[in-house]
Amino acid sequence: MKILLITEQREGQWNKTSFETLAAAQQIAAETNGSLAGVVIGKRIAALASELAATKLDEVLLVEHDLLSAYTPDGFTIALQQTIAQAKPDLVLLPHTYQVRDFAPKLAASLGKGMIGDCIGYRHENGKLIFVRQMFQGKTVADVVFEGSAPWFATFQAGASRADAVIQGASKAPITPVAVDLKPEQIRTKPLELFREAKQAVDLTQAPILVSVGRGIKAPENIPMAEKLAKLLGGEISASRPICDEGWLPMDRQIGSSGQTVAPKLYLALGISGAIQHVVGMKGSRTIVAINKDQNAPIFEVADYGIVGDLFEIVPALIEELEKTKGT
Ligand SMILES: Cc1cc2nc3c(=O)[nH]c(=O)nc-3n(C[C@H](O)[C@H](O)[C@H](O)COP(=O)(O)OP(=O)(O)OC[C@H]3O[C@@H](n4cnc5c(N)ncnc54)[C@H](O)[C@@H]3O)c2cc1C
């Protein structure tokens, strides 16, 4: 099997989900005895290509063009169509980022192919690849297989694999520039300045630690306590939907089916019941710690560590201990 991994960078910075998908791609290549090429696309990306070439893959394809310096769905689709025509992969893997959601269905459809989006895993059984994706807001999972001829397209959800599972190569993989033919008139949109909707918005998907508050926090006056804990842990604050609906925290801090999907190293849930719409956005976290006074709260079903108790006793105690450690 010939696998092509399409990575994502913006302004010279990796989207770290690329490395999670690289880990999955390396594993699929090993299990299918296949080859793996990684694509870096954009402008001024030679350093990133070199970084990618240090990981275990057979080749890095450098897709560089002036018209790819800013992302446009037309530019990326045309450049990647040409890359795929040259590389002739069987399987094209992408991280399920916002940008990929924008262009990958168009790319697959333009080649008359289907795409299995937002996969949480895969199995290799009897020589066949089976992709696993959630349905009905994470209430159930489905096995999905490709029909028809290659190339097949699949995207992996953030947290589906661990970026630290990426295997480094014994030596650097060769970097091959791919010549793409792109003309300004083929690009029908003009990207303006990048901006974040909220002034101090953070990309929660990139935060290693999240302290997340739910309705158990009771009142907006108590949020600074959770923020203090987040700061001491070196993390960010996030929330369940009612907290954002109330305006106690901005909407971009919301985790769940109508918020962000995150997979930090540590997710600390304070007074969150664990409704499915919340859990679907955080259950890929490496370690989940839940503090809830109701021992039957569903959040404990996904928690690695559960503390049954009052967050107003436990959080101040945690803050006190962390301050002591920081002080020493
Ligand atoms: C279409 C749709 C989309 C949705 N999208 C989202 C989404 O993206 N994200 C999301 O989060 N929700 C979403 N929801 C809402 C979701 O169904 C739940 O209502 C919501 O997640 C509940 O938030 P919560 O856990 O903070 O509140 P609650 O369910 O009220 O839970 C509060 C928890 O705090 C505990 N508690 C109370 N006091 C304390 C204390 N002193 N110490 C410790 N624990 C305490 C309680 O035992 C309880 O378990 C969506 C709903 C719908 C219908």
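Start by selecting the shell of residues around the ligand: in this predicted model, the shell divides into 6 nonpolar, 14 polar and 6 charged residues. To narrow things down, pick R215, S240, S258, S273 and N292, which come nearest of the 26 residues around the ligand.

Now zoom in on S273. An N or O atom in its side chain sits 2.7 Å from an oxygen atom of the ligand. Next, click on G271, where a backbone N or O atom is 3.0 Å from a ligand oxygen atom. Then hop to S257: here too a backbone N or O atom is involved, lying 3.1 Å from an oxygen atom of the ligand.

How much of the ligand does the protein bury? Switch on the surface and have a look: the ligand taken alone exposes 990 Å², and the protein buries 76% of that. Which elements give two or more residues to the shell around the ligand? Colour helix 6 (241–245), helix 7 (276–279) and helix 9 (311–327), and you have them.

Next stop: Q260. You'll find Q260 in the loop between helix 6 and strand 14 (266–270). Is Q260 buried or exposed? Its relative accessibility is 10%, so Q260 counts as buried, the cut-off for buried being under 20%. Show the side chain of Q260 and look for a polar atom 3.0 Å from the backbone oxygen of D252. Leaving aside residues up to four places away in sequence, Q260 touches a range of partners, including Y98, V202, L204, I255 and G281.

Time for some rings. The model has 7 aromatic pairs, and a good one to select is F131 with F146. Their ring centres are 5.5 Å apart and the planes make an angle of 75°, an edge-to-face pair. F131 belongs to strand 8 (residues 128–135), while F146 is in the loop between strand 9 (140–144) and strand 10 (152–156), so this pair ties together parts 15 residues apart in sequence. Both F131 and F146 are buried.

Keep F131 selected and add F156. This time the centres are 6.1 Å apart with the planes at 45°, so the F131–F156 pair is tilted. It links distant parts of the chain, with F131 in strand 8 and F156 in strand 10, 25 residues apart. F156 is buried, as is F131.

To finish, add W152 to your selection. Together, F131, F146, W152 and F156 form one aromatic cluster.

Technical notes
Residues numbered from 1 in each chain as written. Predicted model: local features only at pLDDT ≥ 70, side-chain atom pairs only at ≥ 80, totals over all residues. Heavy atoms only, no water. Near = heavy atom within 4 Å. Polar contact = N/O pair within 3.5 Å; in protein donor to acceptor, adjacent residues only side chain to side chain. Areas by Shrake-Rupley, 256 points an atom, 1.4 Å probe, with all protein chains shown as cover. Helix = DSSP H or I, 4+ residues; strand = E, 2+ residues; numbered from the N terminus. Nonpolar A, V, L, I, M, F, W, Y, C, P; charged D, E, K, R; others polar. Phe/Tyr/Trp six-rings, centres within 6.5 Å; stacked < 30°, edge-to-face > 60°. Buried < 20%, exposed > 50% of the residue type's maximum accessible area, 1.4 Å probe, protein only. Contact = heavy atoms within 4.5 Å.
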